[in-house]
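Welcome! Please take a moment to look over the sequence and the structure below, and then read on for a guided tour.

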Amino acid sequence: MTAGLEPTTGLHAFVRAVETGSFSAAARLAGTTPSAVSKSVERLERRLGVKLFLRSTRSLTLTVDGTAYYERIAPLLRALDEAGDALKGAERAQGVLRASIPGVLGPALMEALTREFVPRYPEIKLEISITDRHVDLIREGYDVALRVGEMGNVDWMVRRLATLPLILVAAPQWLERVAHPATREALAQLPHIRYRLGSQAYPIRFADGTDLLPEGALDTDSGQAMRIAALGGVGIAQLLRLAVADDLAAGRLAEIFPHDPLASVPVQALHAFGRLAPLRVRLFTDFLADRLAAHSA
């Protein structure tokens with residue numbers, strides 16, 4: 001029976017190493033050293049009398065026994081953590097939470113976070129990076145990252161927070177000079193401010209599934225830069241309605257083609273904790289999902 005009473009430090013080290021793929025990444029999540037994680041796993045292996053990993057200088061691979069043990073122990077650790085969280089209560093959530101938020105969502109979400117989340121959970125210390133760059137959760141030490149748009153296969157846990165509408169906008173003064181386009185063909189002939197990720201410009205995607213990729217008068221990888229360029233009269237920008245709601249209300253921007261809606265896009269939260277996300281991460285993503293719900297398509 002004693003072999004089953006391995007301290008949870010060793011069990012957590014094992015599960016983190018499985019889910020992150022290395023002792024170094026597991027150590028970053030746990031706030032310790034790769035050597036400490038490795039020694040914890042070695043002690044666990046000695047107690048169990050089996051090899052859980054095949055180690056080399058470049059890889060860490062689960063053995064058959066390691067796979068079977070992980071499948072049994074990971075759900076138990078999650079239940080154990082959730083039981084501890086239930087006893088603490090949300091009001092006692094604590095710790096540093098590092099999050100990456102896209103620039104286009106930054107203003108709206110930061111206002112809600114500073115006005116409501118921070119006073120509600122004073123023991124959670126937020127470290128927020130506002131960037132459209134796709135950060136590496138493990139290597140850069142982020143607890144959670146928000147992404148706008150569909151994603152391919154990723155190694156992280158993904159939670160959809162909301163589905164938000166996109167719209168086409170431009171400065172009213174600019175539209176007076178060039179005239180409002182009446183057709184998609186006319187729309188394609190006008191200058192556009194395009195979002196570019198790497199070498200690929202993001203097309204205008206209509207709700208009926210049709211794509212339109214006009215020439216770009218300005219390309220950028222920043223949603224905030226697109227908004228600023230649209231306000232400056234550079235051309236037409238495809239942006240989240242949430243990101244330009246105040247500009248529309250104040251008359252600084254005008255919506256184009258309201259009768260021909262665009263496809264909505266998901267907002268998703270990514271984390272690298274596997275099925276054992278800390279309470280602070282769950283509270284943070286729950287809060288953002290609740291705030292974004294009012295703007296969902």
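## Domains and their interface

The centres of domain 2 and domain 3, taken over C-alpha atoms, are separated by 26 Å. Keep in mind as you read that this is a predicted model. The protein is divided into domain 1 (8–87), domain 2 (95–162 + 266–294) and domain 3 (164–263).

How do domain 2 and domain 3 meet? 11 residues of domain 2 are in contact with 11 residues of domain 3. Between them, about 830 Å² of area is buried, and carbon and sulfur atoms give 72% of it. On the domain 2 side, Val104, Asp132 and Leu292 supply 50% of the area buried against domain 3, more than any other three residues. Salt bridges play no part across this interface: the rule finds 0 of them between domain 2 and domain 3.

## The nonpolar cores

In soluble globular proteins, nonpolar side chains tend to be buried together. Here, the largest nonpolar core has 68 residues, and Leu105 and Leu187 touch the most other members. Helix 10 (residues 279–293) gives the most to this core, with 8 residues. Both domain 2 and domain 3 take part, each with at least three residues in this core.

Which residues does Leu105 touch, leaving aside its neighbours within four places in sequence? Leu105 is in contact with Val148, Leu164, Leu240, Leu242 and Val267. Apart from the largest core lies another one, of 18 residues, and its members include Ala26, Ala27, Val41 and Tyr70.

## Strand 13 and its partners

Strand 13 (residues 236–240) is mostly covered, as 5 of its 5 residues are buried. Which way does strand 7 (residues 166–170) run against strand 13, parallel or antiparallel? These two strands run antiparallel and are joined by 4 bridges. Within this pairing, Val169 has Ala237 of strand 13 as its bridge partner.

Strand 13 also pairs with strand 8 (residues 192–197), this time in a parallel arrangement with 2 bridges. Here His192 stands opposite Ile236 of strand 13.

## Helix 9 and helix 10

Helix 9 (residues 241–250) has several buried residues: Leu242, Ala243, Val244 and Asp247. What do the buried residues of helix 9 pack against? They meet helix 5, strand 6 (157–164), strand 7, helix 8 (223–231), strand 13 and helix 10. Just after helix 9 comes Gly251, which takes a positive phi of about 80 degrees.

In helix 10 you can find Ala289. Ala289 counts as buried because its relative accessibility is 14%, below the 20% cut-off. Not counting residues up to four places away in sequence, Ala289 touches Arg159 and Leu161. If you would like a sense of scale, try Ala289 and Asp208: these residues lie 81 residues apart along the chain, and their C-alpha atoms are separated by 26 Å.

## Salt bridges

How many salt bridges are there by the rule used here? The count comes to 20. One of them joins Lys51 and Glu45, with the closest N and O atoms 3.9 Å apart. The two ends of this pair are covered to unlike degrees: Lys51 counts as partly exposed at 48% relative accessibility, whereas Glu45 counts as buried at 6%.

Glu111 and Arg115 meet in another salt bridge, at 3.2 Å from N to O. About one helical turn separates Glu111 from Arg115, because they are 4 residues apart in helix 5 (residues 106–120). Arg115 is partly exposed, with 48% relative accessibility. Asp219 and Arg196 form a salt bridge as well, their closest N and O atoms being 2.8 Å apart. This pair links distant parts of the chain, with Asp219 in strand 12 (residues 216–220) and Arg196 in strand 8, 23 residues apart. Asp219 is partly exposed at 29% relative accessibility, and Arg196 is partly exposed too, at 26%. Finally, salt bridges that share partners join Glu111, Arg115, Glu116, Arg120, Asp290 and Arg291 into one network.

Technical notes
Residues are numbered from 1 along each chain as its sequence is written. This is a predicted model: local features need pLDDT of at least 70, side-chain atom pairs count only at pLDDT 80 or more; totals for chains, interfaces and linings use all residues. Side-chain values use heavy atoms; hydrogens and water are left out. Buried means under 20% relative accessible area, exposed over 50%, partly exposed in between (1.4 Å probe, protein chains only). Two strands pair if DSSP finds at least two bridges between them. A salt bridge is a side-chain nitrogen of Lys or Arg within 4 Å of a carboxyl oxygen of Asp or Glu. A nonpolar core is a set of buried Ala, Val, Leu, Ile, Met, Phe, Trp, Tyr and Cys residues joined through side-chain atoms within 4.5 Å. Domain bounds come from an automatic or database domain assignment. Contact means heavy atoms within 4.5 Å. Buried area is the accessible area (1.4 Å probe) that two parts lose on being put together, summed over both.
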